[in-house]
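Got your viewer open? Let's walk through this one a selection at a time, starting with the whole chain and then moving inside.

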Amino acid sequence: MSIMDRIRQSYWVENVPRRNIIATLVASFLFFSGWWIAIDTASVHPKSWDFSYYICGILATISFFMVNSISNEMLHGGAAYTGGVMGESGIKVFLFIGFVLGFASIIAAIWIMIAEFAVNDDKSDKGPGYALLVHNIFIFFSSLIYKFGRHSDDPYAAGIF
């Protein structure tokens with residue numbers, strides 16, 4: 001029996017729809033690749049990569065957790081969520097703040113890329129600017145794929161709140 005046959009026959013693959021598995025794998029690959037690009041760029045170009053460039057990625061990561069901690073049942077006011085401090089409107093505000101952080105991280109990465117790398121003639125290597133932008137775009141797309149690529153009727157797809 002091959003490894004792939006054993007994976008297909010395992011318990012968690014039989015009970016989870018294939019769409020959820022593929023969305024989770026793609027989102028985790030994008031999230032990992034985004035941080036790998038940032039760490040690799042910081043190690044290859046230590047003089048042109050400032051620690052403050054990590055703040056964009058940290059905001060994108062916080063956005064990832066904020067957006068994906070809310071299930072669709074909580075968002076639409078289903079029976080899964082019945083209370084809380086602010087109720088259903090508080091969940092929508094929390095989700096909106098998560099998306100704002102995600103977009104703000106991409107906007108900040110574009111700003112840093114243009115201001116520090118594209119128009120700055122002192123820096124001859126433009127690669128870290130592009131890497132910063134790709135880093136944040138990968139994390140944001142992984143957040144979107146993980147949020148909207150899965151079925152919400154799955155018990156593994158429920159939010160943590």
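Helices here are DSSP runs of H or I at least four residues long, strands are runs of E at least two long, and both are numbered from the N terminus. One thing to keep in mind as you click around: this is a predicted model.

**Whole chain, cartoon view**

Colour by secondary structure and you'll find 7 helices and 0 strands. Reading from the N terminus, the order is α-α-α-α-α-α-α. Of the 161 residues in the protein, 38% are buried. Now switch on the surface: about 9,800 Å² is exposed, with carbon and sulfur atoms supplying 70% of that. As for how the chain meets itself, take the contacts between residues at least 6 apart in sequence: 73% of them join residues at least 24 apart.

**The annotated spans**

Next, select 21-39, 51-70, 91-115 and 127-146. An unreviewed UniProt entry gives these the feature "transmembrane region". Residues 21-39 are 100% helix and 0% strand, with 27 Å between the end C-alpha atoms. Residues 51-70 come out at 75% helix and 0% strand, and their end C-alpha atoms are 31 Å apart.

**Helix α4**

Stay in that second stretch and select 54-68, which is helix α4. Its 15 residues reach 21 Å from first C-alpha to last, close to the 21 Å expected at 1.5 Å a residue. Show side chains for the buried residues, among them Y54, G57, A60, F64 and V67. What do the buried residues of α4 pack against? Bring up α3 (18-44), α6 (87-118) and α7 (127-148), and you have the partners.

**Y54 and its ring neighbours**

Zoom in on Y54 and add W35. The two rings form a stacked aromatic pair, 6.4 Å centre to centre with 15 degrees between the planes. W35 sits in helix α3 and Y54 in helix α4, so this pair ties together parts that are 19 residues apart in sequence. Are these two residues buried or exposed? Both W35 and Y54 are buried. Y54 counts as buried because its relative accessibility is 17%, and the cut-off is under 20%.

Now add W49. With Y54 it makes an edge-to-face pair, 5.9 Å centre to centre and 75 degrees between the planes. W49 is at 7% relative accessibility, so it counts as buried as well. Widen the selection to W35, W49, F51, Y53, Y54 and F117, and you have one aromatic cluster. Searching the whole structure turns up 12 aromatic pairs.

**The core around them**

Which residues have the most contacts inside the largest nonpolar core? Select W35, A38, W49, Y53, Y54, I112 and L132; the core itself has 15 residues. Elements giving two or more residues to this core are α3, α4, α6 and α7. The largest share, 4 residues, comes from α6. Apart from this core lies another one, of 9 residues, including I70, M74, I91 and F99.

Go back to Y53 for a moment. Beyond its neighbours within four places in sequence, Y53 is in contact with S48, I112, E116, F117, K123 and L132.

**Helix α7**

Select 127-148 for α7. This helix has 22 residues and reaches 31 Å from first C-alpha to last, close to the 32 Å expected at 1.5 Å a residue. Its buried residues include P128, A131, L132, H135, N136 and I139. Turn on α3, α4, α5 (72-75) and α6 to see what is included in their cover.

Stop at H135, which lies in helix α7. H135 is buried, with a relative accessible area of 0%. Leaving aside neighbours within four places in sequence, H135 is in contact with G34, W35, A38 and G57. You've met W35 already, in the stacked pair with Y54.

**Two last clicks**

Select T41, found in helix α3. At 7% relative accessibility, T41 counts as buried. Past its neighbours within four places in sequence, T41 is in contact with W49, P128 and A131.

Finally, pick I107, in helix α6. Is I107 buried or exposed? I107 is exposed, with a relative accessible area of 54%. Draw a C-alpha to C-alpha distance from I107 to N136: they are 29 residues apart in sequence and 9.4 Å apart in space.

Technical notes: Residues are numbered from 1 along each chain as its sequence is written. This is a predicted model: local features need pLDDT of at least 70, side-chain atom pairs count only at pLDDT 80 or more; totals for chains, interfaces and linings use all residues. Side-chain values use heavy atoms; hydrogens and water are left out. The expected span of a helix is 1.5 Å times one less than its number of residues. Buried means under 20% relative accessible area, exposed over 50%, partly exposed in between (1.4 Å probe, protein chains only). Contact means heavy atoms within 4.5 Å. A nonpolar core is a set of buried Ala, Val, Leu, Ile, Met, Phe, Trp, Tyr and Cys residues joined through side-chain atoms within 4.5 Å. Rings of Phe, Tyr and Trp (its six-membered ring) pair if their centres lie within 6.5 Å; planes under 30 degrees apart count as stacked, over 60 as edge-to-face and the rest as tilted. UniProt positions are given in the numbering used here, feature names are shortened, and annotations may be inferred rather than shown by experiment. Accessible areas come from the Shrake-Rupley method with a 1.4 Å probe; for residues, only the protein chains shown count as cover.
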